[in-house]
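Work through the exercises below with the structure open. Each task is followed by a solution in steps.

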Amino acid sequence: MNRKEILSALKNKPGVSVLIVGGGIHGIGTFRDLALNGVDVLLVEKGDFCSGASAASSHRAHGGIRYLANGEFRLVREAVRERNRLLQNAPHIVKPLSTAIPIFKWLSGLLNAPLKFFGMLDTPSEHGSLVIKLGLLMYDAYTEARGAQRTVPKHRFFWRKKSLARWKHLNPNIVNTAVYYEGAILQPERLAVELVLDAESENPNARALNYVSMVGGMDDTIILRDELTDENYDVHPKLVINAAGPWIDFTNRKLGLSTGFIGGTKGSHIVVRHAELREAIGENEFFFENEDGRTMLIFPLYDHVLIGTSDIPIEHPDEARCTDEEIDYFLKLTRRIFPDLNLTRHNIVFQFSGVRPLPRSTAKAVSQISHAHSIEVISGDWTNLRFPVYSLVGGQWTSFRAFAEQVTDKALAYLGLARQKDTRSVPIGGGRGYPPDATERKRQIESLSAWTGVARERLSVLFERYGTRAETIATYMNGGTDFIVRALPDFSLREIVFLVQHEKVCHLDDLLLRRSMLAMLGRVTPEMTDELARVVGNELGWDQEKKAAEVRRTLSILTDRHGVRL
Ligand SMILES: Cc1cc2nc3c(=O)[nH]c(=O)nc-3n(C[C@H](O)[C@H](O)[C@H](O)COP(=O)(O)OP(=O)(O)OC[C@H]3O[C@@H](n4cnc5c(N)ncnc54)[C@H](O)[C@@H]3O)c2cc1C
């Protein structure tokens, strides 16, 4: 069903078993799990899918080694397993990531975990070699634990001399480096949309709408507003799942529920174009702490470098922006690791900021706030609502599946249904049938090329972007006259049209920011926005005025939120 059909079906039949409010990774993960279990479920997202906290992540599928210092062993164990599952289920987007920790001390931080456990630790500090070694041993053990499959190699330590030979621009003041493996979620926004599409294709009673807000509710009714037309819709759910991330308390307030679940912290990133830095890090992420224990990363993002992040308490998630002070901090800490590479503000092509939906906490330092997830249930006569509301607090991109599984189990129990399927080894989108090695990949591309008539080189690019969905896209491209987009020689018209028609694009910025990496990799130009506005507009029935308005909207978002100057 397309957007119009979903909305008109809602008018005729407003009853639904589960309404999910919020289309970040936790809402979407739960949507997919419920869909796979045959539940009729509606998801509404006030903006585009994966445009809140889930679009602001550091792109890491990680076990959270630093949470060991907070004594959160269960959390780390779960996250390591989920990281491994993501590597297996979404191999087109989540890739093994060699992670180097440059270490400047030997013994520091040794007592953090036990002191934290006994409530005696106020201020975190940078960790030394010994403590990192212990953490990595534990990490390796979790990766090999019963039932888990080894998806990444074990950690290694390199002495100073070897480290400096390996990375010649590295700060010579290090004592050694540790190298271990995590996962890189190269396109989180794409992964999220593919989960939505998988869910809908699996279950005709699972429907997801972007640009629809939950604006109020009472008794047995929730009021939704279509943000594209301003029209309101009533729905009658049996259960509401509030997956509004950092907006959870604001969303509960719309239902007359006064909650204080979230104590969010802002985190920002910059994306830089700097050939020497990109070459210096190779295919390794550099993950390290500053002197007060806050973590930073320098991460290979295609031919660019992603640098972040900060951790700053913030009241309203709408206000999150990457500030000049944060940029100074990122540049300073990058210089600490690679002192002779001259990285400046001129190298920044994109910046972004978001708010972690962390539980409200009394911890004295933000790095000590738990990153665990929980389901807060509100129900009862006092609420003026005839359905319970589950709020999904905390969590990590990496562990979304496990969190969604717990929420789904609870929802199924409430609805009196039994679980039919679990999602542990269900492939996601273009990860389905993904070739296990380069030879098989080459073979798949060759046979696809013969089958669809699309050139091999072009198919390799599609494969890189969409995994095995390249087959559907190439077949579509071959079904009509196709030509290269003038301002974007590595994209073709029908590829873009496919994304618009099949991936719920409503605004031009959905395409530039979330269905593709064009904005994040600093590729947007005024000519490109004009050309793409024409292509998208022709599909969505925009007149000239609307096309111009879409270009203005996109440029304003890019300037205001992402520091892009065209
Ligand atoms: C700076 C930063 C770095 C991070 N790095 C990592 C990392 O490297 N690895 C990792 O595993 N995790 C990371 N995380 C954590 C992870 O990104 C978040 O925990 C996760 O994305 C939260 O997802 P969510 O679905 O709960 O929230 P969101 O993604 O914020 O989703 C909530 C959605 O609800 C919508 N919404 C709000 N109100 C309404 C309403 N009334 N009606 C309809 N929709 C509504 C919002 O528009 C939003 O899209 C990071 C987070 C941040 C901020």
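**Exercise 1.** Determine how helix α17 and helix α18 pack in this predicted model.

Solution.
- Helix α17 covers residues 526–540 and helix α18 covers residues 544–562; their axes lie 9 Å apart, at an angle of about 130 degrees.
- An angle between 115 and 145 degrees falls in the oblique class, so α17 is oblique to α18.
- The crossing of the two helices, α17 and α18, is right-handed.
- From α17, the contact uses Thr529, Asp530, Ala533, Arg534, Gly537 and Asn538; from α18, Lys547, Val551, Thr554 and Leu555 take part.
- Sorted by character, the residues of this contact between α17 and α18 are three nonpolar, four polar and three charged.

**Exercise 2.** Decide how many residues of strand β2 are buried, and find the bridge partner of Leu19 in this strand.

Solution.
- Buried means under 20% relative accessible area.
- Five of the five residues of β2 (residues 41–45) are buried, so the strand is largely enclosed by the rest of the structure.
- Val41, Leu43 and Glu45 point one way from β2, while Leu42 and Val44 point the other way.
- Strand β1 (residues 15–21) pairs with β2 in the parallel sense, over four bridges.
- Within β2, Leu42 is the bridge partner of Leu19.

**Exercise 3.** State which residues of helix α16 are buried and what covers them.

Solution.
- Eight of the eight residues of α16 (residues 508–515) are buried, so this helix is largely enclosed by the rest of the structure.
- The buried residues of α16 include the charged Asp509, Asp510, Arg514 and Arg515, as well as Leu508, Leu511, Leu512 and Leu513.
- Among the elements that cover the buried residues of α16 are α7, β7, β16 and α15, along with α17 and α18.

Definitions and conventions
Residues are numbered from 1 along each chain as its sequence is written. This is a predicted model: local features need pLDDT of at least 70, side-chain atom pairs count only at pLDDT 80 or more; totals for chains, interfaces and linings use all residues. Side-chain values use heavy atoms; hydrogens and water are left out. Axes are lines fitted to C-alpha atoms, for helices over the stretch in contact, and angles run from 0 to 180 degrees between N-to-C directions. Angles under 35 degrees count as roughly parallel, over 145 as roughly antiparallel, 65 to 115 as roughly perpendicular and the rest as oblique. A crossing is left-handed if the near helix is turned anticlockwise from the far one by less than a right angle, and right-handed if clockwise. Contact means heavy atoms within 4.5 Å. Buried means under 20% relative accessible area, exposed over 50%, partly exposed in between (1.4 Å probe, protein chains only). Two strands pair if DSSP finds at least two bridges between them.
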